[in-house]
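These are my notebook entries on a structure I have just opened. I set down what I looked up, in the order in which I looked.

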Protein chains: 2
Amino acid sequence: MKLTIDALSALAQETRLAIFRALVRAHSPDEGRGGLAAGEIAERLGVAPATLSFHLKELAHAGLVVSRREGRSIIYKADLGRMSAVMGFLLEDCCNGACGTVAACAPQEECVS
Amino acid sequence: MKLTIDALSALAQETRLAIFRALVRAHSPDEGRGGLAAGEIAERLGVAPATLSFHLKELAHAGLVVSRREGRSIIYKADLGRMSAVMGFLLEDCCNGACGTVAACAPQEECVS
DNA sequence: TCTATATTTCTATAATTATCAAAATATGAA
DNA sequence: TTCATATTTTGATAATTATAGAAATATAGA
């Protein structure tokens, strides 16, 4: 439940939810591909570099994003497996089964929560 | 998106998530039935009345719970239709379709978001 | 090496959120 | 009415979170 709260806290903030949504749209299931550079995110959302870095750290701490370095840039990428686990908890424990069903996350490589 | 953030903020707190989960377990689809009295929740979770009231107000403000008076007690009840709407947004916008599918909320009376 | 670029960490400050005692409000029963 | 019960509001305080300038770190290229 602590993990769920960390994830919800991370997403319960306008800038961070916007970051995460941008990363989801830029996602690729392939290792080492997809995601966005920190600077690209900062520019798109119009937030100061230090502020963006603060929020990216929050998202990373919650396990919702991972990063890799590419030259001078650091590329952030959504961890959909983690998001899937959070959704699973919410649907099962907080929706009483009445709100929907998770088609158990297909065993794609990025979906091993 | 503001609505989603309000809901996530409401659930991203240990006491409130515990309250909501208790209310989901005590849910009934019937109008005027199900839910828990504020005092009952306070006792179960061991939180001071004023603190509980603060958190219930947050959940109500986010639209995740509704209340009705019964005698001296005020009964709080989870609004699963609202929760369903939040889940729908997350699955569609934040999971890239890769994390699960919503079986579109069946048109039960409590599920008209 | 030196320089420019990309990002993070440090630091201070502002803003928001959580807690709970005490007082206020609403209801039902005697 | 008056009293006891259930809950909320007020108000004060503590704790957490958000913002961003300035300095520090890491990389690539000249």
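**Entry 1: the surface near DNA strand D**

I began with the residue classes: the surface near DNA strand D has eight nonpolar, seven polar and five charged residues. I note here that the model is a predicted one.

I then listed the residues themselves. DNA strand D is surrounded by 20 residues, and the closest are R16(A), H55(A), G39(B), S53(B) and Y76(B). I also asked which part of the strand faces the protein. Sugar or phosphate supplies 71% of the atoms of DNA strand D within 4 Å of the protein, and bases supply the rest.

For individual pairs of atoms I looked up three residues of chain B. S53(B) places a polar side-chain atom 3.0 Å from a phosphate oxygen of DNA strand D. A38(B) has a backbone N or O atom 3.2 Å from a phosphate oxygen of this strand. For I74(B), a backbone N or O atom is 3.4 Å from a phosphate oxygen of DNA strand D. The elements giving two or more residues to this surface are α4 (49–61) of chain A, together with α3, α4 and β3 of chain B.

**Entry 2: the surface near DNA strand C**

I repeated the search for the other strand. Around DNA strand C there are 20 residues, of which G39(A), S53(A), Y76(A), Q13(B) and H55(B) come nearest. Of the atoms of DNA strand C that come within 4 Å of the protein, 73% are accounted for by sugar and phosphate. By class I find eight nonpolar, seven polar and five charged residues on the surface near DNA strand C.

Here too I looked up pairs of atoms. H55(B) has a polar side-chain atom 2.5 Å from a phosphate oxygen of DNA strand C. An N or O atom in the side chain of R16(B) is 3.1 Å from a phosphate oxygen of the strand. R72(A) brings a polar side-chain atom to 3.3 Å from a sugar or linking oxygen of DNA strand C. Two or more residues each come from α3 (38–45), α4 and β3 (73–78) of chain A, and from α4 of chain B.

**Entry 3: helix α4 of chain B**

I turned next to α4(B), which spans residues 49–61. Its 13 residues reach 18 Å from first C-alpha to last, close to the 18 Å expected at 1.5 Å a residue.

Which residues of α4(B) are buried? They are L52(B), H55(B), L56(B) and L59(B). These lie on the same side of α4(B), because they cover an arc of only 105 degrees around the axis. On the other side, A50(B), K57(B) and H61(B) are exposed. I then looked for the cover over the buried residues, and it includes α1 (2–11), α2 (14–25), α3 (38–45), β2 (65–70) and β3 (73–78) of chain B. Just after the helix, G63(B) takes a positive phi of about 80 degrees.

**Entry 4: two buried residues of chain A**

I closed with two single residues. H55(A) is placed in helix α4 of chain A. It counts as buried because its relative accessibility is 6%, under the 20% cut-off. Leaving aside neighbours within four places in sequence, H55(A) is in contact with Q13(A), T15(A), R16(A) and I19(A).

T4(A) lies in helix α1 (residues 2–11) of chain A. At 7% relative accessibility, T4(A) also counts as buried. With neighbours within four places in sequence again left aside, its contacts are F89(A), L90(A) and L17(B).

Technical notes:
Residues numbered from 1 in each chain as written. Chains lettered and ligands numbered in written order. Predicted model: local features only at pLDDT ≥ 70, side-chain atom pairs only at ≥ 80, totals over all residues. Heavy atoms only, no water. Helix = DSSP H or I, 4+ residues; strand = E, 2+ residues; numbered from the N terminus. Expected span 1.5 Å × (residues − 1). Buried < 20%, exposed > 50% of the residue type's maximum accessible area, 1.4 Å probe, protein only. Arc of directions from axis to C-beta. Contact = heavy atoms within 4.5 Å. Near = heavy atom within 4 Å. Polar contact = N/O pair within 3.5 Å; in protein donor to acceptor, adjacent residues only side chain to side chain. Nonpolar A, V, L, I, M, F, W, Y, C, P; charged D, E, K, R; others polar.
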